[in-house]
Amino acid sequence: MKNIKYYAFPSSVKEALAVLLNKKYKAMALAGGTLVAKTLPDTVETYLDLKNLPIKSIRLHGGNLVIGAGATFDDIDRSKLCRGWAGGVISAAAARCSSQLIRNMATIGGNIARPHSFNIFPVVLLGLDAKVRLQAKKGARLVDFQDLYTSGLGLRPGLDSLITEIVVPARTKKWKCDFIKLAKTASSWESYITLFFSAEKKGRSATQARVVVGALSPRPFRAPEAEKAMLSGAGGQAAARALAAELEAARAGEYRSSAASSLFKRFIEGQI
Ligand SMILES: Cc1cc2nc3c(=O)[nH]c(=O)nc-3n(C[C@H](O)[C@H](O)[C@H](O)COP(=O)(O)OP(=O)(O)OC[C@H]3O[C@@H](n4cnc5c(N)ncnc54)[C@H](O)[C@@H]3O)c2cc1C
């Protein structure tokens, strides 16, 4: 923070990107400011405040749900569109953010720009096959959320590019989903484990399954064996055993593995 010399308030994405890409300014994006102030590299000399950018709306486009990167947790919690999507899981997850003060300030763009074990939205967006629209020097790009934290992306959001929106595909609208944050208290940011489960059903069998695990590592991951067990119709017990085995392999420890597999079994028995 001590090296900050300039504070920029652009009012368009184009203007913001111009500041970010001008090496003279050594700029970094700031949205809600809840995390950036704690993690600011010494090399940064300009705060690029995104609050005046038109990237806050939550809307439908071509049947997809489009969430502006500047939408706060509170905006998302209260949004009718988010509440009506995939059983309301996106709003419910936003409501699990630690405190109302943080929910009022923190944005979804800031939540996903860098991998962090305890961040909520990466788990949910990975489970909903979301895409992220980035604006960079070469123009706009739509990337799969699962590729956002890979070196193949070749971008560092916030330093050389901006996230402008998140696109949740139309096909997920009717998925049955659950997001669980297993934490010491409701107001903890830290959690033992975060979980996202989803299922799409035809009759009594699942035709689509997602099991995503967060909080064990900065990047959330899918549990493919648990998903396979769910799709095979082997039953809650077998699927729960598959998830427990995957979590043990990921060194989650006994408590997390057994709690997560019980929660998964409960989800399957409630949905399928
Ligand atoms: C006390 C406390 C409690 C917290 N509790 C939780 C919790 O329960 N759950 C949770 O998930 N998180 C929690 N957080 C973490 C943090 O608040 C969130 O990650 C938040 O979403 C960050 O968003 P922001 O808008 O404040 O980002 P900022 O702090 O402004 O920025 C964070 C990073 O994202 C980059 N960035 C921001 N917007 C963009 C954009 N549009 N494009 C590219 N890069 C961008 C910035 O350059 C920076 O690197 C907590 C933080 C604190 C301090």
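This passage describes the domains, the ligand shell and the packing around one sheet in a predicted model. Residues are numbered from 1 along each chain as its sequence is written. As the model is predicted, local features need pLDDT of at least 70 and side-chain atom pairs count only at pLDDT 80 or more, whereas totals for chains, interfaces and linings use all residues.

The protein chain is assigned domain 1 (6–49), domain 2 (58–171) and domain 3 (173–271), with bounds that come from an automatic or database domain assignment. Between domain 1 and domain 3, the C-alpha centres are 37 Å apart. The ligand lies between domain 1 and domain 2, because both of these domains give residues to the shell around it.

That shell consists of 30 residues, and the closest are G32, G109, G110, N111 and G158; a residue is near a molecule if its C-beta atom, placed from the backbone, lies within 6 Å of it. At least two residues of the shell come from each of β2 (27–30), α5 (100–105), α6 (108–112) and β8 (161–168), where helices (H or I, at least four residues) and strands (E, at least two) are DSSP runs numbered from the N terminus. The composition of the shell by class is 19 nonpolar, 10 polar and one charged residues, with Ala, Val, Leu, Ile, Met, Phe, Trp, Tyr, Cys and Pro counted as nonpolar, Asp, Glu, Lys and Arg as charged, and the others, Gly among them, as polar.

An open sheet of four strands follows the order β9-β10-β11-β12 with antiparallel pairing, two strands being paired if DSSP finds at least two bridges between them. Since β9 (176–182) and β12 (221–222) stand at the edges with a single partner strand each, one side of each is left without a neighbour in the sheet. Strand β11 (residues 205–214) is joined to β12 by two bridges, and the two run antiparallel; V213 is placed opposite F221 in β12.

Helix α8 lies across β10 (193–202), β11 and β12 and runs at about 160° to β11, with angles taken from 0 to 180 degrees between N-to-C directions and axes fitted as lines to C-alpha atoms, for helices over the stretch in contact. Helix α10 (residues 254–271) also packs on the sheet, touching β9, β10 and β11, and its direction makes about 25° with that of β10.

Helix α8 (residues 224–232) further packs with helix α9 (residues 236–249) at an angle of about 175°, their axes being 8 Å apart. The two helices are therefore roughly antiparallel, a term applied to angles over 145 degrees. In this packing, E225, A226, A229 and M230 of α8 meet A238, A239, A242, L243, A245 and E246 of α9, contact requiring C-beta atoms, placed from the backbone, within 7 Å. By class, this contact has eight nonpolar, no polar and two charged residues.

Conventions
Parallel < 35°, antiparallel > 145°, perpendicular 65-115°, else oblique. Contact = placed C-beta atoms within 7 Å.
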